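Good morning, colleagues. Please turn to the structure on the screen, which I shall take in three parts: a helix pair, a sheet and the nonpolar cores.

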Amino acid sequence: MHQNLLSYINRYASLPLTNEEEALIVATFQPKKFRKKQYFLQEGDICKYAGFIVKGAMRQYSVDDKGGEHIVQLFIENYWANDRESSTMLTPSVYNIDAWEDTDILLITRADMLDLMAKIPAMAEMIRLMDERNAIANQRRLNSTISNTAEKRYEEFAKNHAQFIQRFPQHLIASFLGITKETLSRIRKQAIK
């Protein structure tokens, strides 16, 4: 289970992990299994862990006053699931994160992650690069949401995240894109023609 994480870290690092560093990572990250629909985080709780997904899929969402779900993030293998604001600021989360499929995940606390980053240069490098890529992706998503048509947003999503279309149902993808499932259905029918 840990081999996926070690390979992931080595992809980001300019220097490969040593055997001692790998052993420390394996000892620190704790494996856990989540059944489909089981919560990783519930609204109102403080996010105590970041999770590296080894197998499975999760979703992060908020629920509005009328009970409508709004998808913020979708996660599959080699993605990190957590609520960064809650875990950093130690504030109650406004999000839920649950398993969309049975999911195998490796958990780490914020304190343990900071400790590993101080001890293992490859971890610090990985986190820095992930943060940069995440900031870029969030900026692009925000720009796309405020600038592009629903058709263009779906086209970009399908191009950049084709694997998500196979893993998540249409209503979750529509929510992630900020459109109704009816609009997404219409867009997909037009794309087929």
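One convention is needed at the outset: an angle of 65 to 115 degrees counts as roughly perpendicular. Please also bear in mind that this is a predicted model.

I begin with the helix pair. The axes of helix α6, residues 150–160, and helix α9, residues 181–192, cross at roughly 70 degrees and come within 10 Å. The two helices, α6 and α9, are therefore roughly perpendicular to each other. On the α6 side, the contact is made by Ala150, Glu151 and Tyr154, and α9 contributes Thr183, Leu184, Arg186, Ile187, Arg188 and Gln190. By character, these contact residues comprise 4 nonpolar, 3 charged and 2 polar.

I turn next to the sheet. It is open and antiparallel, with 4 strands in the order β1-β8-β3-β6. Strands β1 (30–34) and β6 (80–81) each have a single partner strand, so each has one side without a neighbour in the sheet. Between β1 and β8 (residues 103–109) there are 5 bridges, and Gln30 has Leu107 of β8 as its bridge partner. Helix α1, residues 2–12, packs on this sheet and touches β1, β3, β6 and β8. The direction of α1 makes about 105 degrees with that of β3.

Finally, the cores. The largest nonpolar core has 24 residues, and those touching the most other members are Leu5, Ile9, Ile25, Phe29, Trp80, Met123 and Met126. Two or more residues each come from α1, β3, β8, α4 and α5, with α5 giving the largest share, 6 residues. Phe29 touches, among others, Leu5, Trp80, Leu107 and Met123. A separate core of 20 residues includes Ile76, Tyr154, Phe168 and Phe176.

Key. Residues are numbered from 1 along each chain as its sequence is written. This is a predicted model: local features need pLDDT of at least 70, side-chain atom pairs count only at pLDDT 80 or more; totals for chains, interfaces and linings use all residues. Side-chain values use heavy atoms; hydrogens and water are left out. Axes are lines fitted to C-alpha atoms, for helices over the stretch in contact, and angles run from 0 to 180 degrees between N-to-C directions. Angles under 35 degrees count as roughly parallel, over 145 as roughly antiparallel, 65 to 115 as roughly perpendicular and the rest as oblique. Contact means heavy atoms within 4.5 Å. Ala, Val, Leu, Ile, Met, Phe, Trp, Tyr, Cys and Pro count as nonpolar, Asp, Glu, Lys and Arg as charged, and the others, Gly among them, as polar. Two strands pair if DSSP finds at least two bridges between them. A nonpolar core is a set of buried Ala, Val, Leu, Ile, Met, Phe, Trp, Tyr and Cys residues joined through side-chain atoms within 4.5 Å. Buried means under 20% relative accessible area, exposed over 50%, partly exposed in between (1.4 Å probe, protein chains only). Lists of a residue's contacts leave out its neighbours within four places in sequence.
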